[in-house]
Amino acid sequence: SFNRSLSDGKFSKHYLHDWSIPKNCPELLGAVPFEEYRVPKYFVDDYYQRMPLTFDHSWPSLFLGPKGTASSLHVDSGGSHFWLYLQSGQKEWRIFPKEQVINLYPKPGTSYFHVDPFHLDFNQFPLLGKSKVYAFTQFPGELVFVPSMCAHSVLNVDDIVGFSMNYVDESSFYRHLWQTLKESTGYWNFEYFVNKGFPRGWNMNVRNRINNDSVPFGIFKSLWYNASMTVKL
């Protein structure tokens, strides 16, 4: 009903943002083993899946937004990577490399910035002139990957439907630990990740189960169950 209301303007300013599907509407994943929702092979080495059930198992998320809605410039929490698959509509993206965040005028104590990348003001924010930005349009059927700690913002140029996940792997492992301590959240995660029994790196048993470009969500969630049970705190 929310999606239908986009066209009649009832919720024209509302944006369903990062809404947990497993927690709020698991029916969207289909029937077990969730063949209808598949995870791209590039993201199957998700360290969050090697942990017992915590908030980190709240993904994937649903995005529903009418034309004109947007997300402010920010970095995702926990030093995690982020990807978003667009099912319908178009999104305009602005992504800044992580080395550029100092030029984006961060808001102290938050993950947001004073800069609006869709209305750049070089007089008010002169350091922007030293920044590099990736600007592009995402179309249906395309997936955008945002590396850990890269500031990003989006503008929905159409009514959109998208699916996303945050994840941590070896390439973002130490940034995740650092951000977890910096943000004073997830100490339990930190202890679990640094435990000597935590299974880091790629697992070929997982890789050998990938025959195509993706794996069913059920397999994605289950392959690491035994590994997660081996860590003793």
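This dialogue goes through the sheets, the pockets and one residue of a predicted model.

User: What should be known before reading the model?

Analyst: The model is predicted, so local features need pLDDT of at least 70 and side-chain atom pairs count only at pLDDT 80 or more, while totals for chains, interfaces and linings use all residues. Residues are numbered from 1 along each chain as its sequence is written, and side-chain values use heavy atoms, with hydrogens and water left out.

User: How is a sheet read, and in what order do the strands of the five-stranded sheet stand?

Analyst: Strands of a sheet pair through backbone hydrogen bonds, either parallel or antiparallel. Strands (E, at least two residues) and helices (H or I, at least four) are DSSP runs numbered from the N terminus, and two strands pair if DSSP finds at least two bridges between them. Here five strands form an open sheet in the order 1-3-10-5-8, with antiparallel pairing. Strand 1 (16-20) and strand 8 (143-146) are at the edges with a single partner strand each, so one side of each has no neighbour in the sheet. On average, neighbouring strands of this sheet are turned by 20 degrees against each other, direction ignored; axes are lines fitted to C-alpha atoms, for helices over the stretch in contact, and angles run from 0 to 180 degrees between N-to-C directions.

User: How many bridges join strand 5 and strand 10?

Analyst: Seven bridges join strand 5 (residues 81-88) and strand 10 (residues 160-167) in the antiparallel sense. S88 has V161 of strand 10 as its bridge partner. Strand 5 also pairs with strand 8, antiparallel and over four bridges, and there F82 is matched with V146.

User: Which residues of strand 8 are on its covered face, and which on its uncovered one?

Analyst: V144 and V146 make up the covered face of strand 8, and L143 and F145 the uncovered one.

User: What is the strand order in the four-stranded sheet?

Analyst: That open sheet has the order 4-9-6-7, again with antiparallel pairing. Its edge strands, strand 4 and strand 7 (134-138), each pair on one side only. Neighbouring strands are turned by 15 degrees against each other on average, direction ignored. Strand 6 and strand 7 share five bridges in the antiparallel sense; E92 has T137 of strand 7 as its bridge partner.

User: Is L155 of strand 9 buried, partly exposed or exposed?

Analyst: Buried means under 20% relative accessible area, exposed over 50%, and partly exposed in between (1.4 Å probe, protein chains only). L155 counts as partly exposed because its relative accessibility is 27%. L155 touches G68, T69, A70, Q90, K91, E92 and F118, leaving out residues up to four places away in sequence; contact means heavy atoms within 4.5 Å. L155 and Q90 are 65 residues apart in sequence and 8.7 Å apart in space, C-alpha to C-alpha.

User: How is a pocket defined, and which residues lie nearest the centre of the largest one?

Analyst: On a 1 Å grid over the protein atoms alone, with a 1.4 Å probe, a pocket is an open set of points with protein on both sides within 12 Å along at least five of seven lines; lining residues have an atom within 4 Å of a point. The largest pocket is lined by 32 residues, with D18, W59, D76, S77 and N166 nearest its centre. Strand 4 gives the most to this lining, with four residues.
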